[in-house]
Amino acid sequence: MGLVECHAHILPFVDDGVRTKEQCLQVLDAYAGAGFSHVVTTVHLYNPQVTTRTENIRPMHEWAKEEAKKRSIELLLGSETYVGGTLDPRVLPFMDNFVLLEVDTQTEPLFLLHHAYGLLKRGYSVILAHIERYRWFDPDSNLVNKLREMGVYFQCNVEGVEKGEANRYLEIGLVDIIAGDNHGDPAQPARLAALLETHGTIRRRMENLFRV
Ligand SMILES: [Fe+2]
């Protein structure tokens, strides 16, 4: 059984992730070398700071999936869906029912509970991306407690763990998933693998969650 990367931007010509096919292949090589069997490419949807060329998502995923297969990696298509307003956002679920959400880093997201609840009711498992980046995120707050009670999973980025920004959440066992949020860095998969080695509880939690 290999490792799982569930947050990466590695489809070329789609979002602010890898810029070329060559870069995508380099990163896939790095995931294979670091022992990953599954990589989810989570294209940005609705992020106000990122332009996503949605017409390229499917063809680039088809191409990259074949390249990944040559490296014994299953490349799954998902989305990192930005939740900012009341409109029901589109999501690309991966492994049947996981959806990755992101929200504004600065202000408390008024509609997150509403959307998380709606998605859970539709049978999805909701993952909140890179919690260490949110200034509003407070483990003692009503919002975070409610998200937790509803069964929302919390993800931290490799960078956030390495820099210590995720420490206060790791210490209280609030982190379910560590992921790369890789935007094209071939050095990163090995760093994620090393962190999953150090944080064995989280690695096992991820294995149970993703059942791969
Ligand atoms: Fe991301």
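Q: Are H9 and D181 buried or exposed?
A: Both H9 and D181 are buried in this predicted model. The word applies because buried means under 20% relative accessible area.

Q: What makes H7, H9, E80 and D181 donors of the iron ion?
A: The iron ion is coordinated by NE2 of H7, NE2 of H9, OE of E80 and OD of D181, at 2.1 to 2.3 Å. Donors are N, O and S atoms within 2.8 Å of the metal, so these atoms count.

Q: Why is the site of the iron ion called irregular?
A: The angles among its four donor atoms run from 82 to 170 degrees. Four donors count as tetrahedral if all angles lie between 85 and 135 degrees, so a range of 82 to 170 degrees does not qualify. The site is classed as irregular.

Q: Where along the chain do the donors of the iron ion lie?
A: Their spacing is H-x1-H-x70-E-x100-D. The pair H9 and D181 links distant parts of the chain, 172 residues apart. H9 sits in the loop between β1 (3-8) and α1 (21-33), while D181 sits in the loop between β7 (177-179) and α7 (188-198).

Q: How do you know that K163 and E159 meet in a salt bridge?
A: Their side chains come to 3.2 Å, N to O. The cut-off for a salt bridge is 4 Å between a side-chain nitrogen of Lys or Arg and a carboxyl oxygen of Asp or Glu, so the pair qualifies.

Q: Why is K163 called exposed, and why is E159 called partly exposed?
A: K163 has a relative accessible area of 56%, and exposed means over 50%, so the word fits. E159 has 43%, which falls between the limits of 20% and 50% and is therefore partly exposed.

Q: What makes R191 and D185 a salt bridge?
A: The closest N and O atoms of R191 and D185 are 3.3 Å apart, and the limit is 4 Å, so the pair counts. R191 is partly exposed at 28% relative accessible area, and D185 is partly exposed at 30%.

Q: Which helix holds E207 and R203?
A: Both lie in helix α8 (residues 200-210), four residues apart, about one turn of the helix. Their side chains meet in a salt bridge at 3.8 Å, N to O. E207 is partly exposed at 30%, and R203 is partly exposed at 22%.

Q: Which residues are joined into one network by salt bridges that share partners?
A: D29, E67, K70 and R71 are joined in this way.

Q: How many salt bridges does the structure hold?
A: The structure holds twelve.

Note on methods: Residues numbered from 1 in each chain as written. Predicted model: local features only at pLDDT ≥ 70, side-chain atom pairs only at ≥ 80, totals over all residues. Heavy atoms only, no water. Donors = N, O, S within 2.8 Å, 3.2 Å for Na, K, Ca; no water. Tetrahedral: all angles 85-135°; square planar, octahedral: opposite > 155°, others 65-115°. Helix = DSSP H or I, 4+ residues; strand = E, 2+ residues; numbered from the N terminus. Buried < 20%, exposed > 50% of the residue type's maximum accessible area, 1.4 Å probe, protein only.
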